[in-house]
Amino acid sequence: MPGRVVIALVVAGVTVLGAGAWLWLGRDAPRPAAFHGTPTSAMYAPVDSRADDAAPLTTGELFRAGALGELARGEMEELADCDDALWGAAASGCTQALRATYTGGAVAGQFVIFNLPDGRAADALVTALHRDGFVRQAVPFDPARSRAEVRALGHYVTVSWVGARGTADADLVPPLIALDSLGQAIQSRVLAAT
C-alpha cells in the first residue's frame with residue numbers, strides 16, 4: 001500500500017511539473033482562435049514605402065488618451081527590436097514595433113504595429129502571422145477564446161487581438177473593432193502624403 005501512495009505522488013508530481021513546464025515554455029506561443037488577415041491595397045499606395053513615409057511613428061500618434069469604448073489603455077511601449085514582439089515569425093527590415101495593452105470588463109487585448117520597409121514586406125509578415133507564428137501576448141486573456149485582425153497598411157502591419165478573461169462569456173467583436181480603429185492613424189499619413 002505505501003508503494004502505491006509513493007507511485008501516485010510521483011505521477012501527480014510529474015503531472016504538475018509537466019503542466020507547469022507547458023505553461024512556462026508555451027506562454028510565448030499562443031495563437032488566436034479566430035484570425036483574419038488582409039494584405040495592403042492601392043488605398044495605401046502613398047505609404048507603400050518607408051522611403052516615402054520616413055517619419056517614425058510615435059506612441060502619442062497611435063494610442064490616443066482615454067478609453068476605446070469599454071477598453072482602458074494600459075501600458076504603451078516602443079520595443080527596441082521588432083522581433084521581441086513576435087514568436088515563430090520575423091519582421092525583416094522592421095525599424096519599429098509599438099504596442100499598447102487594453103482591458104475592460106470581461107475582455108483584454110493589445111494592439112501592435114510594425115514599421116516595415118515596404119508593402120511587400122508587410123504582406124509577407126501578414127502571411128507569416130497567419131501561418132508560422134504570431135505576436136507575443138502582453139496582457140492576460142484566454143487565447144482559446146480570442147480573435148485577431150491583422151492588416152498590412154502600406155509598409156505597416158497592425159495586429160489587433162482581443163480575448164476573454166476569466167470564465168465569463170464575452171462578445172469580442174466590439175472591442176476588436178475598437179482596437180482595430182487605432183490603425184486609422186495610418187490613414188492620416190496617407191492623406192498627408194497625397
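Are F63 and F111 buried or exposed? In this predicted model, both F63 and F111 turn out to be buried. They also belong together: a search of the whole structure turns up four aromatic pairs, and F63 with F111 makes an edge-to-face one, at 6.1 Å centre to centre with 80 degrees between the planes. F63 sits in the loop between α2 and β2 (72-79) while F111 is part of strand β5, so the pair ties together parts that are 48 residues apart in sequence.

Another edge-to-face pair is that of F141 and W161, with 5.0 Å between the centres and planes at 90 degrees. Here too distant parts of the chain get linked, since F141 comes from the loop between β6 and β7 and W161 from strand β8, 20 residues apart. F141 and W161 are both buried. Widening the view a bit, ring pairs link F141 and W161 with F35 and F134 into a cluster.

Next, the strands around β7. Strand β7 (residues 142-153) pairs with strand β1 (residues 34-38) in the parallel sense, over five bridges, and F35 stands opposite A148 of β7. With strand β8 (residues 156-164), β7 runs antiparallel, and nine bridges join the two. One of the matched positions is S146, whose bridge partner in β8 is G163. β7 and β8 form a hairpin with two residues between them, and G154 in that turn has a positive phi of about 65 degrees.

Helix α3 (residues 119-131) comes next. Its 13 residues reach 18 Å from first C-alpha to last, close to the 18 Å expected at 1.5 Å a residue. At the N-terminal end, D118 acts as the cap, placing a side-chain oxygen 3.1 Å from the backbone nitrogen of R120. The buried residues of α3 are G119, A122, L125, V126, A128 and L129. As for what covers them, the list includes β1, β3 (86-87), β5 (107-115), β6 (134-135), β7 and β8.

That leaves D53, found in the loop between β1 and α2 (59-62). D53 has a relative accessible area of 9%, which means that this residue counts as buried, the cut-off being under 20%. The side chain of D53 makes a polar contact of 3.0 Å with the side chain of R189. Leaving aside neighbours within four places in sequence, D53 is in contact with V47, H155, Y156 and R189.

Terms used:
Residues numbered from 1 in each chain as written. Predicted model: local features only at pLDDT ≥ 70, side-chain atom pairs only at ≥ 80, totals over all residues. Heavy atoms only, no water. Pairing = 2+ DSSP bridges. Helix = DSSP H or I, 4+ residues; strand = E, 2+ residues; numbered from the N terminus. Buried < 20%, exposed > 50% of the residue type's maximum accessible area, 1.4 Å probe, protein only. Polar contact = N/O pair within 3.5 Å; in protein donor to acceptor, adjacent residues only side chain to side chain. Contact = heavy atoms within 4.5 Å. Expected span 1.5 Å × (residues − 1). Phe/Tyr/Trp six-rings, centres within 6.5 Å; stacked < 30°, edge-to-face > 60°.
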